[in-house]
Amino acid sequence: MPELPEVETIARQLRARGVEGKEILSVKVNWARTVEPLPVASFSRQVRGTTIDKISRVGKWMMFSLSSGKTIMIHLRMSGSCSMTPGLYDRLVLKLSDGLTLYYRDTRKFGRWKLVDDPQIILGKLGPDALTQRFTKKYFRAAMRARHRMIKPLILDQSIVAGLGNIYADEALWEAQIHPERLSDSLGDDELDRLFKAIRHVLTIGVRNRGTSLGDGKTNYRDVAGDSGGHREQVKAYGRGGKPCDRCGTALEKTVVAQRGTTFCPACQQLDQ
DNA sequence: GAAGACCTGCTA
DNA sequence: TAGCAGGTCTTC
């Protein structure tokens with residue numbers, strides 16, 4: 001669930017709540033596999049007593065830089081979130097100085113907290129973050145042309161561009177009017193430029209709206225305050241199968257592309273170009 | 001490119 | 001009760 005805008009929202013809110021600069025007084029791990037590497041005891045021992053100097057984000061990774069020189073790298077996967085108040089499904093709890101407590105919540109238990117010496121070992125495998133200057137039109141064109149793959153799974157590939165997940169991929173393709181199964185090396189300059197712009201646009205709007213949440217259940221994204229994010233009303237494609245396209249009124253189609261649920265407009269996003 | 005694994009909760 | 005879900009990794 002959490003993609004770039006949701007992770008960015010959480011990172012910003014943790015900063016706003018003063019988590020940076022706090023000492024970690026204690027660590028409680030309720031689901032052992034959240035933590036890597038195991039065992040939990042050594043994770044806790046290495047983290048306790050350090051200060052969270054800085055919170056940052058690259059792609060869907062959030063990093064806590066610790067005063068020890070180590071880094072906690074957090075990946076929320078499908079259902080991870082952070083809160084300053086306790087709740088069901090808290091898998092890891094950090095007691096911080098000044099009376100703050102950070103609760104890591106994760107219904108499906110897929111998320112990970114990795115303690116690493118060097119974040120680059122993980123970040124080095126990622127393509128440029130979609131909202132940084134490193135992600136350029138020129139890079140994007142070349143990366144797409146260099147491959148012969150369906151465009152949707154390609155823009156979901158974090159080693160090519162970091163940050164997009166299933167929702168924003170569908171949104172970007174809808175906005176650029178490109179069929180999700182078009183082959184990457186069949187796209188013209190104008191189409192690639194449109195998609196490049198759309199990727200940046202949907203993510204930027206997503207951040208501005210503090211992320212997206214669909215449905216109302218416990219498994220959905222929540223920000224640090226427990227809010228569901230304001231981007232939900234802005235979604236044009238994802239989860240709108242059968243509903244009319246905002247652009248042309250044609251019923252949106254729900255299919256499966258590369259094993260992922262995919263919604264697109266069969267009129268605006270054509271396969272044969 | 002596809003399928004299975006990791007998990008739980010919600011919807012049909 | 002079966003099938004599905006925003007992510008990634010491993011193994012064909």
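1. I begin with a cysteine, noting that this is a predicted model. Cys248 has a relative accessibility of 40% and therefore counts as partly exposed. The cysteine sulfur closest to that of Cys248 belongs to Cys265, and because the two sulfurs are 3.7 Å apart, they are too far from each other for a bond. A disulfide is a covalent bond between the sulfur atoms of two cysteines. With a cut-off of 2.5 Å between cysteine sulfur atoms, the count for the model comes to 0 disulfides. Another cysteine, Cys82, is buried, with a relative accessibility of 1%.

2. The surroundings of DNA strand C comprise 19 residues, of which Met1, Lys60, Gly165, Asn220 and Arg260 come nearest. By class, the protein surface near this strand divides into 6 nonpolar, 7 polar and 6 charged residues. Of the atoms of DNA strand C that lie within 4 Å of the protein, 53% belong to sugar or phosphate, while the rest belong to bases.

3. Individual polar contacts to DNA strand C involve both bases and the backbone of the strand. On the base side, an N or O atom in the side chain of Arg77 is 3.0 Å from a base nitrogen, and a polar side-chain atom of Arg108 lies 3.1 Å from a base nitrogen of DNA strand C. On the phosphate side, the side chain of Asn166 places an N or O atom 3.0 Å from a phosphate oxygen of DNA strand C.

4. For DNA strand B there are 11 surrounding residues, and those that come nearest are Arg33, Tyr89, Arg108, Lys109 and Gln259. Sugar and phosphate make up 69% of the atoms of DNA strand B that come within 4 Å of the protein. The residues of the surface near this strand comprise 4 nonpolar, 3 polar and 4 charged.

5. Which side chains make polar contacts with phosphate oxygens of DNA strand B? An N or O atom in the side chain of Arg33 is 2.9 Å from one such oxygen, and a polar side-chain atom of Gln259 lies 3.1 Å from a phosphate oxygen of DNA strand B. Arg108 deserves attention in connection with both strands, since its side chain has an N or O atom 2.8 Å from a base oxygen of DNA strand B and a polar atom 3.1 Å from a base nitrogen of DNA strand C.

6. A search of the whole structure finds 18 salt bridges. One of them pairs Asp98 with Lys22, with the closest N and O atoms 3.6 Å apart. This pair links distant parts of the chain, given that Asp98 sits in the loop between strand E7 (90-96) and strand E8 (101-106), whereas Lys22 sits in the loop between helix H1 (4-16) and strand E1 (24-29), 76 residues apart. The partners also contrast in accessibility: Asp98 is exposed at 68%, but Lys22 is buried at 13%.

7. In a further salt bridge, the side chains of Arg112 and Glu36 meet at an N to O distance of 3.3 Å. Because Arg112 lies in strand E9 (residues 112-116) and Glu36 in strand E2 (residues 35-36), this pair ties together parts that are 76 residues apart in sequence. Arg112 is buried, at 13% relative accessibility, while Glu36 is partly exposed, with a relative accessible area of 29%.

8. Lys70 and Asp117 also form a salt bridge through their side chains, at 3.1 Å from N to O. Here too the pair links distant parts of the chain, with Lys70 in the loop between strand E4 (61-66) and strand E5 (71-75) and Asp117 in the loop between E9 and helix H3 (120-123), 47 residues apart. Lys70 is partly exposed at 24% relative accessibility, and Asp117 is exposed at 59%. Elsewhere, salt bridges that share partners join Glu8, Arg12, Arg57 and Asp129 into one network.

9. Is Asp90 buried or exposed? With a relative accessibility of 10%, Asp90 counts as buried, and this residue lies in strand E7. A polar atom of the Asp90 side chain lies 2.8 Å from the backbone nitrogen of Gly87. Once neighbours within four places in sequence are left aside, Asp90 is in contact with Asn30, Tyr103, Tyr104 and Arg105.

Technical notes: Residues are numbered from 1 along each chain as its sequence is written. Chains are lettered from A and ligands numbered from 1 in the order in which they are written. This is a predicted model: local features need pLDDT of at least 70, side-chain atom pairs count only at pLDDT 80 or more; totals for chains, interfaces and linings use all residues. Side-chain values use heavy atoms; hydrogens and water are left out. A residue is near a molecule or strand if one of its heavy atoms lies within 4 Å of it. A polar contact is a pair of N or O atoms within 3.5 Å; within protein, one must be able to donate a hydrogen and the other to accept it, and residues adjacent in sequence count only if both atoms are side-chain atoms. Ala, Val, Leu, Ile, Met, Phe, Trp, Tyr, Cys and Pro count as nonpolar, Asp, Glu, Lys and Arg as charged, and the others, Gly among them, as polar. A salt bridge is a side-chain nitrogen of Lys or Arg within 4 Å of a carboxyl oxygen of Asp or Glu. Helices (H or I, at least four residues) and strands (E, at least two) are DSSP runs, numbered from the N terminus. Buried means under 20% relative accessible area, exposed over 50%, partly exposed in between (1.4 Å probe, protein chains only). Contact means heavy atoms within 4.5 Å.
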